[in-house]
Amino acid sequence: MAFAFYRYPYEDEYTAVSQADGDVIRLGSYRELDGQSGFVFAPFSITDEHPLLLIQPDRVDRKVVPACEDMFADMSGDTLDEYGYQRYKKVFALFHSRLSDGSFSKIVLSRCSDEHVADELSSEDLFLRACSLYPRMFIALVSTPLSGTWLMATPEILLERKDDRWHTMALAGTMSVDANDNDDELRKRKATGDISEWSGKNIMEQRYVSSYINECLERFAVNVSMTGPYTVRAGMVKHLASDFMFDIGCKGDCGNLISALHPTPAVCGIPKLAAYDFIKRNEGYDRAYYSGFAGPLSCCGETHLYVTLRCMRIDGSSVRLYAGGGLLPESDADNEWLETEAKMGTMRRCLAIRKI
């Protein structure tokens with residue numbers, strides 16, 4: 001059986017789709033998504049081990065998100081993963097050397113962390129916990145025999161259809177939230193275009209992503225308009241975002257655009273193809289479905305595809321957390337490590353696990 005639960009930002013209900021009969025569809029390319037309908041689960045890189053998947057549900061339910069604030073007790077204390085930290089610094093040095101020699105303008109370095117808990121976890125309870133903790137984000141729980149079970153709480157839209165137009169976003173740059181980062185204050189800053197709190201490094205990182213997306217849209221879209229950048233909160237961190245609204249031809253086929261957009265510089269690098277190849281050869285682990293994308297495609301009348309960030313794979317009493325960050329020549333290994341820890345904190349909070 002394959003299923004997906006998903007809840008859109010600021011909604012009080014979630015959708016549960018399931019496929020009991022037949023095999024989940026495996027697709028060989030993003031262009032094959034044209035004309036399809038269902039729930040898409042895409043990896044960072046399509047391989048035999050991690051295929052592009054399409055759940056075609058034979059059951060769809062809408063359910064209310066229940067309150068579940070105190071579902072879990074603390075499961076561990078504050079510890080530092082010294083081995084993971086030293087390994088990260090070694091890989092960081094390799095990636096950073098290619099920024100220093102001009103091979104890349106930006107490249108994303110990610111890592112994973114394996115956690116073990118006392119009891120086998122209920123994936124549905126974790127999903128509901130994430131819905132309660134993160135009202136601003138897209139929450140999804142996806143499980144198929146080919147992918148395993150994944151939970152995400154992601155702020156980044158890859159592609160969606162909105163009011164008869166299409167929408168994507170450029171999301172990059174990261175800082176920890178503070179007391180002033182409430183919804184009212186963020187709306188005020190967005191209205192005035194105030195990004196003065198952001199460093200030049202973060203602004204440049206986001207600008208690279210915006211420029212790349214704009215170039216893609218020039219090839220495949222018409223009537224393109226952009227707003228931003230502005231600050232958006234995602235759990236205990238915040239990012240810089242720009243929105244793009246556009247039209248896609250007369251048929252609305254999106255496969256070619258998805259092929260161009262994914263993976264964006266927000267999860268890959270610039271130049272894209274060289275960074276993509278370098279990451280696969282040198283990052284030192286398999287991203288699998290982390291930094292891919294997921295969501296309904298022409299399913300229940302909606303298309304909302306989100307980048308698979310702030311996620312974990314659930315396997316009984318073990319989970320694997322994933323996080324990454326964009327590197328520029330001025331990036332510092334310790335700061336980047338702390339950024340990945342802050343991002344992993346999104347899923348650790350669902351597990352009630354804290355780390356430093």
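Which strands does helix α2 lie across? Select residues 123-133 to find out: that's α2, and it lies across β1 (2-7), β2, β8 (138-144), β9 (148-154) and β17 (311-315). Lying across here rests on contact, meaning heavy atoms within 4.5 Å. Helix α2 runs at about 165° to β8; axes are lines fitted to C-alpha atoms, for helices over the stretch in contact, and angles run from 0 to 180 degrees between N-to-C directions. Helices (H or I, at least four residues) and strands (E, at least two) are DSSP runs, numbered from the N terminus.

Before you click on, keep in mind that this is a predicted model, where local features need pLDDT of at least 70, side-chain atom pairs count only at pLDDT 80 or more, and totals for chains, interfaces and linings use all residues. Residues are numbered from 1 along each chain as its sequence is written, and side-chain values use heavy atoms, with hydrogens and water left out.

**First stop: the sheet under α2**

Now colour the strands in the order β6-β2-β1-β8-β9-β17-β18-β7-β14: these nine make an open sheet with antiparallel pairing. Two strands pair if DSSP finds at least two bridges between them. At the edges you'll find β6 (59-64) and β14 (269-270), each pairing on one side only. Zoom in on β2 (residues 13-19), which pairs with β6 in the antiparallel sense over six bridges. Pick S18 and look over to β6, where its bridge partner is R59.

**Next: the other sheet**

Select β3-β5-β4-β15-β16-β10-β11-β13-β12, in that order, for an open sheet of nine strands, again antiparallel in its pairing. Its edge strands are β3 (25-27) and β12 (222-234), each with pairing on one side only. From one strand to the next, the twist averages 20°. Go to β4 (residues 38-42) and β5 (residues 52-55): three bridges join them in the antiparallel sense, and F41 has L53 in β5 as its bridge partner. Then add α4 (residues 200-220), which lies across β11 (165-176), β12 and β13 (237-247) and runs at about 165° to β11.

**Last stop: a helix pair**

Show α1 (residues 82-100) with α7 (residues 333-351); they pack at an angle of about 125°, their axes 10 Å apart. The two are therefore oblique to each other, since angles under 35 degrees count as roughly parallel, over 145 as roughly antiparallel, 65 to 115 as roughly perpendicular and the rest as oblique. Turn on side chains for G84, Y85, Y88, K89 and F92 in α1, which meet A333, D334, E336, W337 and T340 in α7.
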